[in-house]
Every structure is written in structure tokens, then in C-alpha cells.
Amino acid sequence: LRVAARPLEPGPDGARLALLTFHDDTELYRIEQTRVDFLANASHELRTPLTSLRGFIETLRGHARGDPAAQDRFLGIMQAQAERMSRLIDDLLSLSRIELSEHVPPSEAVDLVEVARDVADALAPQAKARGVRIEVDTPEAPAQLTGDHDQLVQVVQNLTDNALKYSPEGGSVRIAVESGLAAEAAAGPRRKDAHRLPLLTPDLGKGPFVAVTVSDEGPGIAREHLPRLTERFYRVEGQKSGDRLGTGLGLAIVKHILNRHYGGLVVESAPGQGTAFTAYLPISEPAEAEAPPRRIATQ
Ligand code: ADP
């Protein structure tokens, strides 16, 4: 809070007057702080694999010189670290592109049934390699809405990619599309045995909705982690994710894209019960509606 004081001319009765201005910088400060934290986190996340790479290079040039087995193992780790850096940079670029687009309402005709099927096809090889089945459960008719096609593919892809990553071998992942949901359905509870938390509230005035739910039979997520899942770089400690360490940006990207679409995101999960993420997307055409001020997601 900034306070400024300026003396004024004396009043008619000789009273001494001053003008006091109170300036509330809390919101500005919070946004600035978010940016600073983000930059610090991004640098840290990029530096970690880089430090590890430098360490291995030193080892390879040093005492691993005459040991082909060790060399091979270290090169494998180095490759994984380099790939992780690539994923981080891709995700960071995605996030900044999405933020730039957030003020422009999306305007393409998108069929979410097609999106769900395309994502399932694209991730089939990855699922097969991990011994996980992908089921797609969609209505016969298309689920049309106005949106950004590539961004909606990214939403379903990130959620399915996570579901696969955290699935046990032999498990199955389900992508379900439901069309024409009323606002109450978009807000109401579904599964009884899990904790349910809205991570982004949809613009209920813009219903009816199309819902895409991606569910898995993975380890589930403890309740205390749920509110933080869409924070940038937030990862649940000690969770097995196959052979790929995530970037912690996937769900932040999902949230920003849904925000641009006036959509919502709900997580339902409990340890041992698997996890389900549901994205709600209004069918109404954002371009035609009277544009309300954009909600700003700062996480
Ligand atoms: P990451 O790239 O690490 O997967 P995300 O932002 O996509 O980053 O997810 C954040 C964290 O949420 C993950 O690190 C993981 O701990 C948890 N998580 C996300 N999806 C699932 C899931 N389907 N099952 C269990 N945990 C999940």
C-alpha cells in the first residue's frame, strides 16, 4: 500500500487541509511476483538437467574413459536429460503462446469427438509400449463447439499423456466425451469414492457444455496436492511416472487453454482409486457473445 500526502490551501474557516492518496498495489505486486517466481523456477528447471549433463561429460572424459559399459549407461542418462530439456522448452513456448492468445476468443469449428479419437490414435503406440489400453467412449454424433482446434487437441493430449504416464502396466485409460450437459451437470458431483475439486470454474452462463473426461487406474493423488496441480512446475513428490520425468507444466497449459475457452476443469482422485480429469467446454460461440473482460489466470 502506498500513501501520499499533499497539503492543500487552508479552508474558508482557516482549517488546515491535506490530500491523502492511498494506492493499492497488491494485485500489481502479486502479478509481478508471479512473473519473478516463474522466471526463477524456469531457470532452475532448465539448469538441473544441464548441471547433470556437465557432470556426466566430465565423468566420461575422466574415469569412465576405459569403461564402455559405464559410458553406455551414462550416455543413456544424458540422452534422457537432453530430451527433458527439449520438452521443457517446448512447454514453456506453448505456455507463452497460449498466454498471448488468451485475449482473442477462439473461432474455429471443432468436433471434440474427432479430437478424442485423434488423440487416442496418436498416443496408441505410447500406450502399447507401456502395456496400457486406451478406450474411447464417445457419442455417435459429433460434439461441435467453437474453439481453437490445436489447443483443444493439446488439452486432451496432455491429460491422456499423464494418464498413460502414471498408469500401471495392464491398466486402462478411458477418454469419454459427453455432449449437451446443462450447467448443473458441469458443476455437480460425479464419483462418490474420490475427492472432487474444481481447478477452474467454467463460465456457467455459456452452457450447454461438452465434457471430456480422461480417467486412469493409476496411483491416484492425495487430497492435499489437488489444489496445486495446475501450478506451473508443481509435481507430486515421489510419484512413479514410467521412464519419463514430466515438466510440471502440462496441467498449467491445460488450465490456460480452458480459460481461454470459458471452460472448466475438475479433478477427481484418491490414493488407490485412480484419477479422472474432466474438461468442460461451453458450446456457445464466444465470438458472437458480448465479450466480458477476460479472466486472468496467473498461475
Ligand atoms: P508433469 O509433466 O509432471 O506430468 P503436469 O502439470 O501434467 O506435469 O502434472 C502435475 C503433477 O500432477 C504431476 O507431476 C503428477 O504428480 C500429478 N498428476 C497429473 N496427472 C496425474 C494422473 N493422471 N495420475 C496421478 N498423478 C497425476
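How far apart should the ends of helix 1, with its 36 residues, be? Let's work it out together. Helix 1 runs over residues 26-61, and at 1.5 Å a residue those 36 residues should span 52 Å. The C-alpha atoms at the two ends are in fact 52 Å apart, so the expected span and the model agree. Please keep in mind that this is a predicted model.

Let's stay with helix 1 for a moment. Its buried residues are Ala42, Glu45, Pro49, Ser52, Leu53, Phe56, Thr59 and Leu60. Try reading those numbers aloud and listening for the steps. An α-helix has 3.6 residues a turn, so residues three or four places apart point the same way. And what do the buried residues of helix 1 pack against? Their partner is helix 2, residues 68-101.

Now to the ligand. It has 19 residues around it, and the closest are Asn162, Lys165, Asp216, Gln239 and Thr247. Sorted by class, this shell holds 9 nonpolar, 7 polar and 3 charged residues.

Let me point out a few polar contacts. On the side chain of Asp216, a polar atom sits 2.7 Å from a nitrogen atom of the ligand. The backbone takes part as well: a polar backbone atom of Gly248 is 3.0 Å from an oxygen atom of the ligand, and for a polar backbone atom of Gly250 the distance to a ligand oxygen is 3.3 Å. How much of the ligand's accessible area does the protein cover? On its own the ligand has 530 Å², and the protein covers 98% of that.

Which elements give two or more residues to this shell? They are helix 4 (149-165), helix 6 (250-260) and strand 10 (275-282). Helix 4 contributes the most, with 3 residues.

While we are on helix 4, have a look at Gln157, which belongs to that helix. Is Gln157 buried or partly exposed? Its relative accessible area is 32%, so Gln157 is partly exposed. Setting aside neighbours within four places in sequence, Gln157 is in contact with Val119 and Leu123. You can also find Gln126, which is 31 residues away along the chain; its C-alpha atom is 12 Å from that of Gln157.

Next, helix 6. How many of its residues are buried? The count is 11 of 11, so this helix is mostly covered. Among those buried residues are Lys255, His256 and Arg260, alongside others such as Leu251, Ile253 and Val254. The cover over the buried residues of helix 6 includes helix 2, helix 4, strand 7 (195-200), strand 9 and strand 10.

Let's follow the chain out of helix 6. His261 is in the loop between helix 6 and strand 9, which covers residues 264-269. Its relative accessibility is 3%, and because buried means under 20%, His261 counts as buried. A polar atom of the His261 side chain lies 2.9 Å from the backbone nitrogen of Asp148. Not counting residues up to four places away in sequence, His261 touches several others, including Pro106, Thr146, Gly147, Gln151, Leu152 and Leu281.

Tyr262 is in the loop between helix 6 and strand 9. Why does Tyr262 count as buried? Its relative accessibility is 3%, so Tyr262 falls under the 20% cut-off. Here is a detail to look for: Tyr262 has a positive phi of about 60° although it is not a glycine.

Phe233 is another residue with a positive phi, near 70°, and it is not a glycine. You will find Phe233 in the loop between strand 8 (209-216) and helix 6. With a relative accessible area of 10%, Phe233 is buried.

One last stop, on a strand. Glu178 lies in strand 6, residues 172-181. At 36% relative accessibility, Glu178 counts as partly exposed. How far apart in space are Glu178 and Ala143? They are 35 residues apart in sequence, while from C-alpha to C-alpha they are 7.9 Å apart.

That's my tour. If you'd like to retrace one part of it, go back to helix 6: Gly250 is one of its buried residues, and a polar backbone atom of Gly250 is 3.3 Å from an oxygen atom of the ligand. Thanks for listening!

Technical notes: Residues are numbered from 1 along each chain as its sequence is written. This is a predicted model: local features need pLDDT of at least 70, side-chain atom pairs count only at pLDDT 80 or more; totals for chains, interfaces and linings use all residues. Side-chain values use heavy atoms; hydrogens and water are left out. A residue is near a molecule or strand if one of its heavy atoms lies within 4 Å of it. A polar contact is a pair of N or O atoms within 3.5 Å; within protein, one must be able to donate a hydrogen and the other to accept it, and residues adjacent in sequence count only if both atoms are side-chain atoms. Accessible areas come from the Shrake-Rupley method with a 1.4 Å probe; for residues, only the protein chains shown count as cover. Helices (H or I, at least four residues) and strands (E, at least two) are DSSP runs, numbered from the N terminus. Ala, Val, Leu, Ile, Met, Phe, Trp, Tyr, Cys and Pro count as nonpolar, Asp, Glu, Lys and Arg as charged, and the others, Gly among them, as polar. The expected span of a helix is 1.5 Å times one less than its number of residues. Buried means under 20% relative accessible area, exposed over 50%, partly exposed in between (1.4 Å probe, protein chains only). Contact means heavy atoms within 4.5 Å.
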